[in-house]
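Here are my notes on the fold, written to be read with the model open next to you. I go through the sheets, then the helix pairs, and end with the aromatic rings.

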Amino acid sequence: MRHTVEEQPPAPDSGNPPRPLIRLEGLSKVYWEGGREHVVLGDLNAEIHEGEFVALLGPSGSGKSTLLNLISGIDAPSGGRVVIDGLSLTELSERERTLFRRRHIGFVFQFFNLIPTLTVEENLLLPIELKRRLSKEDHRRASELLDAVGLCDRAQTYPDRLSGGEQQRVAVARAIAHDPRLILADEPTGNLDERTGLQVFDLLERLVRSAGKTLLVVTHSRVLAARADRILTIHDGRLEAAQHPIAS
Amino acid sequence: MSPLLLRSSRRFLTGHPGQIVLSVVGVALGVAVVVSIDLAIQSSRVAFRVSTETIAGRSTHQVLGGPGGIPDGVLTKIRLDAGYRLAAPVVEGYVSAPSLPGRPLRVLGIDPFSELPFRPYLAGGRAGVDVSTLLTVQGTALLAAETAREASVAAGDTLRVQVSGRDRAALVAGLLDAEDELSRRGIQNLLVMDISQAQALLGQRGRLSRIDLRVPGGEPGDEILERIARVLPAGTRPVETGTRSETLQDMIGAFDLNLTALSLLALIFGMFLIYNTMTFSVVQRRTLIGSLRALGVTRREVLRLVMGEALGLGVVGTAVGLMVGVALGRGLVGLVTRTINDLYFVVSVEGLSLPPEAFLKGSLLGVVATLLAALPAAREATSAPARATLTRSVVEDRARRAVPRAAALGAGLQVLGGGLLALPSRSLPLSFAALFCIILGMALLAPLATVVLVRIAGPVMSRVAGIVGTMAARGVVTALSRTAPAIAALVVAVSVTVGLGVMISSFRQTLSLWLDATLQADVYVSPPELISNRAEGRLEPTLVERFARQPGVAGVSTYRGTVFEADYGVTRLVALDLYPRGEAAFDFKEGRREEAFRRFRSGEEVLVSEPFAYRHDLGVGSTVRLPSDGGEREFPVAGVFYDYGSDRGVIMMSRTTYDRHWSDPAVTSVGLFLEQGGQSEAVIAGVRRSAEGIQDVVVRSNRALREASLEVFERTFAITAVLRLLAFIVAFIGVLSALMALQLERARELGVLRANGMTPGQVWHLVASQTGLMGLAAGMLAVPAGVALAVVMIFVVNKRSFGWTLRLEVSPEILVQALALAVAGALLAGLVPAWRMSRTPPALALREE
């Protein structure tokens, strides 16, 4: 069954084995550069389950961010499909993918990408407001989230007044503010020092796990990846055997 | 639209006040120039219409005659033979009053007993004066109360006036009071007299200017008109009053259109400014927009956001533009009126009319132009995929890829423009559409030409200035999304300046050569004229003979200029008694000189000027129909001659032929030919002496008349020069903003260079080299483009507007000026960023991203 982007995908049935939230079927992405084909991702197949925390490891230029873009619908694949909870993003129009993203996906970027013209609180409210009209409840939720990330006293501050770590904490809160089912984090600690990065990662993991969300994190850090339920490694555009992080 | 998105947008704009100001200035200046020209033209038209309508009153038709007007007896024929009483005679003319310098008074001679159904404001009662005074007291007149106040006269005082250089006095019998604003403007500058006194004052004894009729509509009216037509003598005819007013206003149609087209140029330059600012604001926010897109903001929402911002800026800019337009209009209305007075008809504009349509038009133009100019930026913001918006390189890639497409489109537009010009049409709007296609085509070709020029200049700059030179050259191409619009705007601005400059100098040169050939006589004598190029006054008949008898005078050419309405609209007929040496004044476009003059002298054949032939499709062998005293007469055309005195054109007829068909012995001016070795100063002094006490005359040597004619030319082109300057200012601000934005945007890059050891001087050098190179590229493209524009304006637009053949005169001075202007403009634009960058500590610049 295909549901529209406006609908909330059906909740997982706890009685059955966990069913995949994300399914990659023969996914590929090819760019043309100077008349030559450059395969960034080739024939990727994978499944990520509801509530799962998956780390995506791989060297620079291996296609990690491209994969994230395909899963979020920001980019369209050259071949194959991305199916999220039974809904094939590949078959959606650009506008439908955007609407799907605004409803079901939360983002954490390496460079924070907060909206500089909105206050911290407004940054949190924006994804919610894109879905629907804001209510008092939403303001309360934003305050709670800011409290959870330790920034409740900075609600009316503009992002450029915050340190890098603080900005990424706001970004983490923003990613889950509109209650998405899937959170995608693209090297969320890549622009932070080790200690701050760890704090932010702790926060992200805590918030996501407590909310029962699915988290896909792109990272270079094997230490951080080890905390995931599962690690996917990508190399030269190909996913290598999924491994459980215990080995690290 | 999400309120938070709107808030974000508002905060971005208020956080960049400089950009907002530039945008608003761009729209405001463009709108202001268009609105001011519109208001100035409308004001002249309204003033003309109000005065025409006030004077026409409630008349539905007017009986008009030929050059000499209508004999008195026609009125009796209408009243008695046709049995129609609702007819009022009118004598009209212009006089000047020393107490009202620069404001001609319109003499309106009326029959007070016939006036009530036509102009009730003059027929007693409402005017607050006893009109019968006009009849009983010799030399009396009524004057508008306001005009009287300005002339410092009151009822009972004498107003001194001059008619064709003769001093006359009018006793102000009463003052006309207006009931409303419209009437106030209508009666301004009006000198109302009894008809016989007006005839005496204007030297039109026994002749009427026209007879006003008031006939009912429909069949009864048609029947009355037929009855009247039957009793009208040959050469007179009834025309609808409204049609006549339109015919008069049509005279300035081409003039209006040319000014409007020029003013639209300023708006186009304003659009460049908006385009630049909006593109810059999008480029600045590429990360922000990318983030929004990643968060789920749709393309349509981004489009609405950017277009909403543009709309806001457009509305504010337009509002400011309307206000500035009114102020500018007050300044321009004088220039426009002066030109209309110099070239077409007497109109006195007391104030600026502010018709709501002009504001509506200006508002629409401003807002639509802003939205159009912002559209590419908005599309830029939305068309890239979400993450792609995050990278600057994508913007530049797209810009580079767009270069060939833009060039192809530009070439296509040029071809389209050429095609439109090649169409066998005389439509002026079509010519301007073609001209705009060509200008826009040039703008679109500019990026490709820039890339090519920079490729050539790059290696040279490398050799001359090393790595800094290489960076400067490469920077122009790598930041093409920013540099191309700036260069395109500069190319268009400078080429238009070149085009207009070449056109004006070609016009001036043509006129100068024509004057050299035309002014064959050594001394010219005429009464003082109210309209520079429309000599219509009368010289005292005795004076002409006196002048001819002056010692040293070998011969005389006499000239009688008349203006009347015929099948050709407002028609100018000149009766010439040409001294043989004067024949050299004519340069024929069609017809052989000897043959043409033989037929001209032998009678019944006329010469027509080039604009007249062009307007009415005439040539040697065709005929012109004129209303003579003996009825409509056809006169074959013996030759078409070059003439730059009037864009309406002129018909020249030998004096003998004129006298045969019209009973009008008047002479307007004379040209005196001196004997071999004759001294013009002595003759001028003699002429002045002989006219003393009889008539005030203007006596000018050949050289003085030539200079005076060129002075009128300069005056009539003053408005064009002002518009050219305004358009350039708008374009220059656009270029300045684009280049400044470009350099300020490079703050971080320059910070890196400074951090790596580049001195402030080297930064200055880099920025100046780059902007200088852009200026050079723009200048080199603008010069040929400007000459091409001049060719189109001279050979097509001018021909279709005025019917003149002009010589193309490309002075190297204008071209060098243009190149210097482009380079200097661009260098100036680089000054502020270069100064700012060279003074910014590298650490700060690095943090600014």
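1. One thing to keep in mind throughout: this is a predicted model. Everything below describes that model.

2. Let's begin with the sheet in chain A. Four strands make up an open sheet here, ordered E2-E1-E4-E5, and the pairing is antiparallel. The edges are taken by strand E2 (36-49) and strand E5 (87-88) of chain A; each has a single partner strand, so one side of each is left without a neighbour in the sheet.

3. Inside that sheet, have a look at strand E1 (residues 20-33) of chain A. Five bridges tie E1(A) to strand E4 (residues 79-84) of chain A, and the two run antiparallel. If you want a spot to zoom in on, Glu25(A) sits opposite Arg81(A) in E4(A). Helix H1 (residues 64-72) of chain A packs on this sheet, where H1 touches E1, E2 and E4 of chain A. The direction of H1 makes about 120° with that of E1(A).

4. Now the sheet in chain B. This is an open sheet of nine strands with mixed pairing, and its order reads E6-E7-E5-E8-E4-E3-E10-E1-E11. Strand E6 (158-163) and strand E11 (237-240) of chain B are the edge strands, each pairing on one side only. On average, neighbouring strands in this sheet are turned by 35° against each other, direction ignored.

5. At the E11 end, E11(B) pairs with strand E1 (residues 61-64) of chain B in the antiparallel sense, over four bridges. Val63(B) is the residue to click on: Val63(B) stands opposite Pro238(B) in E11(B).

6. Which helix lies across strands of this sheet? That is helix H8 (residues 195-202) of chain B, and the strands it lies across include strand E3 (87-95), strand E4 (105-110) and strand E5 (140-144) of chain B. E6, strand E7 (166-176) and strand E8 (190-194) of chain B are also among them. H8 runs at about 30° to E3(B).

7. On to helix pairs, with chain A up front. Helix H3 (residues 120-131) and helix H5 (residues 164-177) of chain A pack at an angle of about 25°, their axes 8 Å apart. H3(A) is therefore roughly parallel to H5(A). Their crossing is right-handed. From H3(A), the contact uses Val120(A), Asn123(A), Leu124(A), Pro127(A) and Ile128(A); these meet Val170(A), Ala173(A), Arg174(A) and Ala177(A) in H5(A). By class, that gives seven nonpolar residues, one polar and one charged.

8. Chain B has a helix pair worth a look too. Helix H18 (residues 541-548) and helix H22 (residues 680-691) of chain B pack at about 150°, with axes 10 Å apart. H18(B) and H22(B) are therefore roughly antiparallel to each other, and H18(B) passes H22(B) in a right-handed crossing. Leu543(B), Arg546(B) and Phe547(B) of H18(B) make the contact with Val687(B), Ser690(B) and Ala691(B) of H22(B). Four of the contact residues are nonpolar, one is polar and one is charged.

9. Last, the rings. Over all chains, the whole structure holds 13 aromatic pairs. One of them joins Tyr579(B) and Phe673(B): the ring centres are 4.9 Å apart and the planes are at 35°, so the pair is tilted. This pair links distant parts of the chain, 94 residues apart. Tyr579(B) is in the loop between strand E14 (569-577) and strand E15 (588-590) of chain B, while Phe673(B) belongs to strand E20 (residues 669-674) of chain B.

Notes: Residues are numbered from 1 along each chain as its sequence is written. Chains are lettered from A and ligands numbered from 1 in the order in which they are written. This is a predicted model: local features need pLDDT of at least 70, side-chain atom pairs count only at pLDDT 80 or more; totals for chains, interfaces and linings use all residues. Side-chain values use heavy atoms; hydrogens and water are left out. Axes are lines fitted to C-alpha atoms, for helices over the stretch in contact, and angles run from 0 to 180 degrees between N-to-C directions. Angles under 35 degrees count as roughly parallel, over 145 as roughly antiparallel, 65 to 115 as roughly perpendicular and the rest as oblique. A crossing is left-handed if the near helix is turned anticlockwise from the far one by less than a right angle, and right-handed if clockwise. Contact means heavy atoms within 4.5 Å. Ala, Val, Leu, Ile, Met, Phe, Trp, Tyr, Cys and Pro count as nonpolar, Asp, Glu, Lys and Arg as charged, and the others, Gly among them, as polar. Two strands pair if DSSP finds at least two bridges between them. Rings of Phe, Tyr and Trp (its six-membered ring) pair if their centres lie within 6.5 Å; planes under 30 degrees apart count as stacked, over 60 as edge-to-face and the rest as tilted.
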